[in-house]
Structures are given as structure tokens and as C-alpha cells.
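Student: I have a structure open on my screen and would like to talk it through. Could you help me read it?

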Amino acid sequence: MLWIPPLLFLTIFFFFPLFKIFNLAFDLRSVFERDNLQIIYRVSLFTFYQATLSTLLTFALGLPSAVLFSKFSFKGKSLLRALTAVPFMLPAVVVAAAFNSLFSYKFSSSIFQVFNLQPATFNFLLILLAHTFYNTTIVVRIVGNALAQLDPRMEASARVLGADGFRVGREIIFPLLRPALISSALLVFMFDFTSFGVILLLGGLNFATLEVEIYVRALQLPNLNLAALLSAIQLIFTLIFSMLYSRLINKMQTQSTPRFAPTRPPKTVKEKIFVGAMCGALFVFFLLPLISLPVRSLTRLEADRGQRGAVQYGLTADYYRELFVNRRGSLFYVPPVQAAVNSLGFAALTVLFSLALGHPAAYALAKPTRFEKILDPLLTLPLGASAVMMGLGFLLSFGRLIASPIFIPIAHTLVALPFVIRALQPALASVPERLRQAAATLGASPFRVWQTVDFPILSRAAASAAAFAFTVSLGEFGATLLITRPEYPTIPVAIARFLSQPGGLNYGQATAMATLLLILTTLSILIIEKMRFNNVGEW
Amino acid sequence: MKKIFLLLISLLISLLSACAPKTPTTLTVITHDSFSVSEEVVKIFEDANQAKVVFLQGGDAGAALNKAVLSKDAPLADVMFGADNTFLSRALDAGIFEPYDSPALKDVPAEFQLDGEHRALPIDYGDVCINYDVKYFAENRLAVPASFEDLLKPEYNGLLVVENPAVSSPGLAFMLATRAYFGDGYLDYWKSLKANDAVVVDGWETAYYTNFSASSGHGAQPMVVSYASSPAAEVFFAEEPPSEAPTASIVAPNMCFRQIEFAGILKNGKNRALAEKFIDFMLSRTFQEDLPLNMFVYPVNQTAKLPDVFTQHAQSATQPAALSYEEIAANRDAWIEAWTQAMK
């Protein structure tokens with residue numbers, strides 16, 4: 001019975017709209033048209049290609065970072081860790097703006113010359129870098145957690161028995177880490193696979209993932225048929241990935257009771273070099289793009305534009321001041337505080353919805369029956385549904401209703417729910433049934449059992465899940481989904497509005513708004529970090 | 001269990017409908033995301049008609065139109081604004097609009113009234129042209145190109161950034177201008193343009209703010225496909241209004257494409273009388289004079305006065321590219337597809 005509310009929610013707001021749009025647009029015969037096959041082949045190939053490369057690059061940075069965070073303690077560790085997590089919550093508009101303001105023309109043209117790069121190659125590299133920027137935190141968290149849980153006694157015994165470092169790695173560490181490695185790889189791959197905004201904003205011509213091609217076919221070139229076909233393909237792949245994912249996650253939880261190896265400061269010279277180099281690399285890679293926006297939002301760069309020389313370079317708060325001015329007297333003007341309040345309000349509702357739905361689902365999945373095991377991957381499916389097609393499905397299913405602002409947190413909940421369930425599930429599974437039974441035998445009411453046994457264990461996991469849902473909503477995943485009421489713009493919407501017209505003030509205000517979002521996001525991440533449930537909360 | 005399901009659904013629906021607009025005197029208008037209007041102007045209409053106007057935004061121009069088409073049996077709104085001449089026939093073929101011969105059309109020149117049946121009524125227009133960085137051309141003593149052919153000259157190698165016509169509306173407009181000028185030879189022209197290192201990016205935002213050298217992004221290209229009104233926006237949205245715009249448009253004959261935006265009364269809408277009044281209002285001087293500074297477009301009503309920043313800094317194409325909307329409708333997708341293939 002516990003899975004009924006979440007399943008009902010998914011049925012109404014996910015499967016029903018999906019069915020509606022497929023019912024309208026899907027035609028199996030179109031699979032066999034030669035032109036369609038060519039497009040499907042080309043787009044799928046590129047999608048896999050870029051996702052594979054992005055995943056490899058993410059691991060190249062993520063694995064050493066996971067070792068860094070799980071083995072060593074050093075000054076500024078929690079801040080650096082939070083820093084790697086911030087990009088995951090940022091909307092693509094902001095990340096693209098950050099990359100663009102960092103890899104400006106002067107900088108990149110010198111790279112062009114050194115490596116003799118074509119602009120297209122450069123754009124492709126930019127996509128890969130942006131994906132790495134987004135997803136490294138997944139590897140850090142999942143692999144880092146697994147590393148931290150390795151029982152140090154096993155390694156010690158193997159050493160005593162004469163195994164060298166390589167053998168320990170191959171026969172003990174790798175097999176124990178394998179589920180974490182594979183599941184984080186799958187998750188990273190899934191995010192890269194459905195990438196949309198990054199590709200559209202940084203990629204330029206000829207870089208179309210499935211999601212981008214669906215957008216083009218559904219809304220620009222009107223070929224809903226092909227769009228439906230492409231999104232069916234994307235859904236099938238996502239289903240395969242999520243089935244693999246939930247299978248591996250279940251395996252991870254059957255591991256022996258975690259023991260945490262304490263972190264320690266680097267001792268040997270080698271370790272010191274490793275920690276220093278990794279900190280430096282992470283600092284440069286994550287801080288530079290992030291800091292470029294606040295810096296840009298405070299800098300006046302008007303001086304060398306046009307034919308005037310009187311205006312000077314320098315620091316300015318103009319862009320922030322201008323945020324409070326409705327220059328055009330526009331009906332749709334929104335003060336920055338109001339945009340922040342809208343964003344925070346929708347985020348709070350998303351937390352409420354996804355916790356209310358995720359809690360019973362996680363309960364059910366903590367001790368799953370066979371039927372519930374089958375349902376498990378379905379929960380992850382919304383992550384791979386094309387936002388464009390879902391938007392059209394919503395339209396067909398709910399008509400005028402979708403103009404209601406309540407649909408914004410509902411759409412965000414669809415995306416946040418899988419994460420919330422994954423965060424709650426291990427905590428719930430760890431509550432010993434005997435404690436509940438003992439409390440009940442001693443005469444505690446069911447509520448009192450929940451209050452005294454479950455709640456203390458659950459509260460921290462719930463807080464971390466809540467913070468996660470909160471940031472998913474702040475970052476506006478799947479924002480293209482809906483018909484919007486212009487009176488309720490969120491921060492990402494406000495940024496996009498500023499960037500849609502020419503003018504120095506517009507650009508400056510966009511970076512100022514992005515800075516505001518950056519601050520809100522970083523604060524949320526720091527709260528997540530503080531509340532994580534004994535370091536074992538999965539994603 | 002079935003009961004619980006029904007209960008939940010009805011609860012949900014009542015919750016949702018509580019938030020949805022539903023009073024009888026409400027007029028709903030669906031537009032694209034770039035739409036903007038002054039608060040006081042809307043208030044004038046609301047006060048005069050004891051009505052409340054609710055605006056909905058449905059994504060970019062293409063997305064908003066497609067949503068209107070998909071929901072034509074149970075329309076989301078009473079009035080739709082924002083289908084332009086590159087999308088017009090899709091709206092007309094889908095039959096989403098009801099004809100309305102507004103008396104206010106008398107002030108609108110015939111060249112804008114593309115639909116003889118008055119299902120789609122012109123509201124505003126804008127010219128998509130190449131913008132250039134005035135300072136760059138002055139400092140490098142470079143002549144401003146005066147024709148499409150000029151852009152192929154070696155001195156303009158790598159200096160132009162354009163948008164992908166498959167996803168960007170100014171990108172499409174610019175491609176249509178080349179199609180109008182070169183006919184079928186437009187693909188060869190684009191191949192030569194590519195050989196001269198013209199840069200193609202997906203969206204206007206990237207082209208203007210990342211690639212264009214005269215924007216705040218300080219990019220590499222001193223020429224960008226944008227609007228003839230963009231220089232006025234650069235002045236209006238400058239921290240300290242300059243006497244000269246930092247950018248200007250190339251408005252040479254045939255090099256610009258004129259986008260005309262239309263509004264129409266949606267079929268099966270609930271409020272025909274009020275919708276008619278709103279269309280009249282959109283064509284009135286009050287609304288038309290408010291358009292330029294809100295959306296940086298030109299009013300179609302010839303009696304409307306332009307703001308100073310427009311008369312001083314915005315340019316208008318003298319002889320925009322000529323392509324009928326029927327011709328665009330018939331070939332649009334094939335042209336884009338061929339262009340995409342040619343630019344690989």
C-alpha cells in the first residue's frame with residue numbers, strides 16, 4: 001500500500017501525459033523510413049559518443065578526487081567538497097555563461113593557435129568540460145562513500161599476509177568498489193546522455209544529442225512523429241540504464257556493516273604532493289568558472305565599447321542597483337527579491353511534495369517484495385523523459401490547468417523524487433526491525449514507535465533529501481516543460497529574460513542574478529553537507 | 001482503493017482549479033517568452049473594459065505556436081500573439097484563428113496584412129540584419145560590407161557569426177534573406193561563407209553575448225546576425241547613455257529579412273467580444289507606441305510615434321528581402337534541412 005501515493009503521482013503526472021503524446025504522435029511505421037533511420041542513427045551515435053567521452057573525463061577527475069576526500073583531511077576540505085557539488089544544481093544558462101565568460105575569445109584564440117584547433121573541436125571540448133564540471137560530484141560522492149566504508153582491517157590483513165599494493169588493489173579494493181564505480185558511471189552517463197542546455201548553449205552546429213534533436217523536431221521543424229520516435233528511443237535507453245542502476249544499488253546495500261576509516265592529514269611526501277596537486281586542480285577547475293560570474297557582475301566593461309572613452313573600467317554595483325529598477329515599466333518586471341522568493345517558494349513546495357511521496361516509496365523499497373523491485377527502475381524513468389515531449393503531453397492531458405503555478409513544483413518533483421527516494425532508502429533500511437518490535441512490546445503506540453525509533457535515524461537523511469529536492473528545484477531541471485505565468489518568474493527565468501535582449505545593462509543584470517542563484521545554491525549545498533546521514537546517504 | 005483514487009483525483013483537480021484563472025471577465029492571451037508590455041498600458045485596457053488580462057507564455061515563438069496548435073480544440077487562451085511570417089501558414093493551415101476584420105486595420109499598410117481573410121492580424125515588425133562593431137571597423141580601417149557577396153572577401157574572414165536556422169528565429173530569417181537573394185544558389189553561397197570561416201552557433205544569446213565583439217561578452221566576431229533595432233537597445237540599456245551607439249546595422253538592399261508578428265482570436269475561445277476589443281487595442285496607438293521599448297520592434301500602425309532612442313539609433317531596412325509567406329511555408333523545412341546538410 002505504501003507505494004500507492006508515489007505510483008499514483010507518477011501515473012497522473014508522468015505516464016498519463018507520456019501516453020497522451022505518444023498516442024498522438026507515435027507511429028511505428030515511421031521507424032522504417034530511410035531518412036528517419038539515418039537521423040536516428042546519426043543522433044544516437046553522437047549521443048553515445050559524447051556521453052562516453054564525458055563520462056571518461058568525469059572519472060579521470062572524479063576518481064582521484066574521491067580518494068582525496070575519503071582518505072585525507074586538510075584545511076578547507078568541506079568548502080572544496082561543497083564547491084565540487086555546486087555546479088550540479090546550476091541551470092545550463094548559468095554554466096554556459098560562466099564558461100563563456102571564462103573561456104573568452106582572447107583566451108581561447110591563443111589555445112586555438114597552440115594546439116591548432118578547429119572552432120568545432122573547441123566547442124566539443126567545451127561540452128565535455130561542462131559535463132565534467134556538472135557531474136564530477138556524483139563520482140566524488142558515490143565512489144568516495146564506498147572508499148570511506150572500506151574496512152581498513154582487510155587491507156591491513158592482506159598486507160600482513162604478504163600482498164603488495166597492486167594485489168591489494170586488484171583483489172580487495174576493486175571488487176569492493178565495483179558496484180560504486182559502475183553505478184556512478186551509469187548515473188553520470190545518464191545525465192550526459194540526456195544533456196540539452198549545455199549542448200544547445202555551448203555546442204553550436206552539428207552537435208545534436210537525442211534531447212536536442214527532439215526539441216528541434218517537435219517545436220522548430222514540425223515533425224512530431226520523428227520527435228516521438230526519438231523520445232521513445234531515449235526512454236528505452238533510460239529504462240535500461242535505470243534497471244542496471246537499481247540492480248547495482250541493491251547490491252551495494254547488501255554489503256557488510258560499514259566501518260569508517262578515519263581520514264588523516266597527508267604524511268609522506270608523495271601524499272602531500274597528491275593532496276596539494278588535487279586541491280590545486282579542483283580549485284582551478286571549479287572555482288574559476290564559478291567565480292567568473294560574481295566578478296563579471298561587479299565589473300564595468302563598457303569602456304572599450306563603441307566610440308566613447310570617457311567611461312572607465314572599475315568596480316560597480318550598478319547591475320545590482322539596476323535589478324531594482326523597472327526601466328521599461330514592464331508588466332512582467334520582477335524585483336530580484338521577488339524572483340528569489342518565487343524560486344524559494346517553488347523549491348519549498350517541491351521539498352514538501354517529494355518528501356511526502358518519497359517517504360512511503362522508500363519505506364516500501366527498503367524491504368521490497370518482488371513486485372516492488374520491478375517498480376523500482378520506473379521511479380528513475382522521469383530523469384530520461386524528454387522535457388519537450390513531456391511539456392506537450394502535459395498540455396494534452398491537463399489543458400488550461402497547466403497554466404496554474406502549482407505545476408511548476410509538480411514538474412520539479414518528478415525530477416527530485418528519484419533522488420529523494422535514493423537518499424531515504426538506505427536510512428530506512430538501516431532501522432533495526434527489532435527496535436520497533438521491542439518498543440511495540442513495551443506498549444508504545446505506532447506513532448510513538450515512529451517518533452522514538454524511526455524519526456531520529458530518519459531525520460538527518462530526510463534533511464539531506466529535502467535539501468537535495470530544494471536545489472533540484474532551484475536549478476530548474478526540465479524548465480522547458482510548461483506554459484508559464486509571466487508574473488511568477490524564478491531566478492533562472494529572470495536570467496534568461498535579461499539575456500534575450502542586447503545591451504550592457506541586460507548582460508550585467510543577468511550575471512548579477514546568476515550570482516544570486518550561485519549564493520543560494522552554495523548555501524543549500526553547505527547545509528546538505530552538514531546534514532548528511534553518517535556519510536552514507538546515496539543520491 | 002478505487003474510492004481513494006477518485007477522491008485523490010478530485011481533490012487534486014479542485015486544488016488545481018482553485019489556482020487557475022476562471023472569472024468571467026478574464027481575457028487570456030498566450031504569447032512567446034519575449035513578449036513584454038507596460039503595466040500602465042494593460043491597465044488602460046482593463047479599466048476601460050472592466051476586465052482582467054492574464055498572459056501566458058509558451059516558450060519561444062515556435063513552441064508557443066505549436067502549443068496553440070496542439071490545444072486548438074480546448075484552447076489555453078482567447079487570443080494568441082507572436083506567430084511571425086515564417087510560422088504564419090502553420091497557424092493558418094491548422095485553423096487555430098477565427099477571422100476578425102478589425103476597424104483598426106485602416107492605419108496599417110497593406111504590405112503587413114498578409115492574410116486576406118484577417119485571421120492573423122499584423123501587430124509589429126522588425127528587420128533581421130547584420131550588426132557590426134563600429135569601433136572595430138573604424139580602428140581597422142575596414143569598409144563595412146555592402147552586399148552578401150562582400151562577406152566572402154578575404155578581409156572579412158572569420159568576422160561574422162550567424163545563428164543556426166534550425167533552432168533560432170533570427171538565424172532562420174537571415175537564411176531566408178540569402179534564399180530570397182540567391183535562389184537555389186543559397187547553398188553554394190553558404191558553403192563559400194563557411195569557407196570564409198563564418199561561425200555558426202545555435203542561439204542568438206550565444207552569438208550576441210559570447211561571439212560578438214561589441215557586446216558585453218567581447219567575443220571574436222565584429223559582425224553578428226541580430227535586429228536592426230539592436231543598436232537602439234545597446235543605447236537604452238547602457239549604464240551611461242552614449243551619444244553614439246556602439247553597434248550599427250547593415251541595412252543594404254536585400255540583406256535584411258522583415259519579420260512581421262501577428263495576433264489572432266483563437267477558435268473555440270470563450271470570450272469573442274472581449275478578444276475583439278483586445279485586438280483593436282493592440283492595434284491602437286496606446287499599445288503600438290508602447291511596443292518599441294518593450295520588445296524593440298516597430299509598430300505597424302503608421303500613426304504611432306517612435307521613441308527618440310529609436311529615431312536616433314535604430315535603422316530600418318530600405319529594401320528587405322522579398323519572400324511570400326506561402327513560399328516560406330511550402331519550403332521552410334526543406335530549406336533548413338538542405339542548409340543543415342550543406343553546412344556539415
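Tutor: Happy to! One definition before we start: two strands pair if DSSP finds at least two bridges between them. Keep in mind, too, that this is a predicted model.

Student: Which residue is the bridge partner of B:V29 in β2(B)?

Tutor: Begin with the two strands, β1 (residues 26-31) and β2 (residues 52-57) of chain B, which pair in the parallel sense over 6 bridges. B:V29 belongs to the pairing, and its bridge partner in β2(B) is B:F55.

Student: Is the crossover from β1(B) to β2(B) right-handed or left-handed?

Tutor: Follow the chain out of β1(B): it passes through helix α2 (residues 39-49) of chain B before arriving at β2(B). Strand β2(B) is mostly covered, with 5 of its 6 residues buried. The β-α-β crossover is right-handed.

Student: Which aromatic cluster includes B:F55?

Tutor: We have just met B:F55 as the bridge partner of B:V29. Its ring also belongs to one aromatic cluster, made up of B:F35, B:F45, B:F55, B:F81, B:F278, B:F281 and B:F287.

Student: How many aromatic pairs does the structure hold, and what is the angle between the planes of B:W190 and B:W339?

Tutor: Over all chains there are 56 aromatic pairs. In the pair of B:W190 and B:W339, the centres are 5.5 Å apart. Planes over 60 degrees apart count as edge-to-face, and this pair is edge-to-face, with an angle of 85°.

Student: How many residues apart in sequence are the parts that this pair ties together?

Tutor: B:W190 sits in helix α7 (residues 186-195) of chain B, while B:W339 sits in helix α13 (residues 325-342) of chain B. The pair therefore ties together parts whose separation in sequence is 149 residues.

Student: Is B:W190 buried or exposed?

Tutor: Under 20% relative accessible area a residue counts as buried. B:W339, its ring partner, has 0%. B:W190 has 1%, so B:W190 is buried.

Student: Which residues touch the most other members of the largest nonpolar core?

Tutor: That core has 278 residues, and helix α6 (residues 119-149) of chain A gives the largest share, 15 residues. Beyond its neighbours within four places in sequence, B:W190 contacts residues including B:V162, B:F174 and B:M343. The residues that touch the most other core members are B:W190, B:M223 and B:F278.

Student: How far apart do the C-alpha centres of domain 1 and domain 2 of chain B lie?

Tutor: The domain assignment gives domain 1 (19-125 + 259-312) and domain 2 (126-257 + 315-342). Their contact takes 15 residues from domain 1 of chain B and 22 residues from domain 2 of chain B. The C-alpha centres are separated by 27 Å.

Notes
Residues numbered from 1 in each chain as written. Chains lettered and ligands numbered in written order. Predicted model: local features only at pLDDT ≥ 70, side-chain atom pairs only at ≥ 80, totals over all residues. Heavy atoms only, no water. Phe/Tyr/Trp six-rings, centres within 6.5 Å; stacked < 30°, edge-to-face > 60°. Helix = DSSP H or I, 4+ residues; strand = E, 2+ residues; numbered from the N terminus. Buried < 20%, exposed > 50% of the residue type's maximum accessible area, 1.4 Å probe, protein only. Core = buried A, V, L, I, M, F, W, Y, C linked by side-chain atoms within 4.5 Å. Contact = heavy atoms within 4.5 Å. Right-handed = clockwise from strand over helix to strand, strands pointing away. Domains from an automatic or database assignment.
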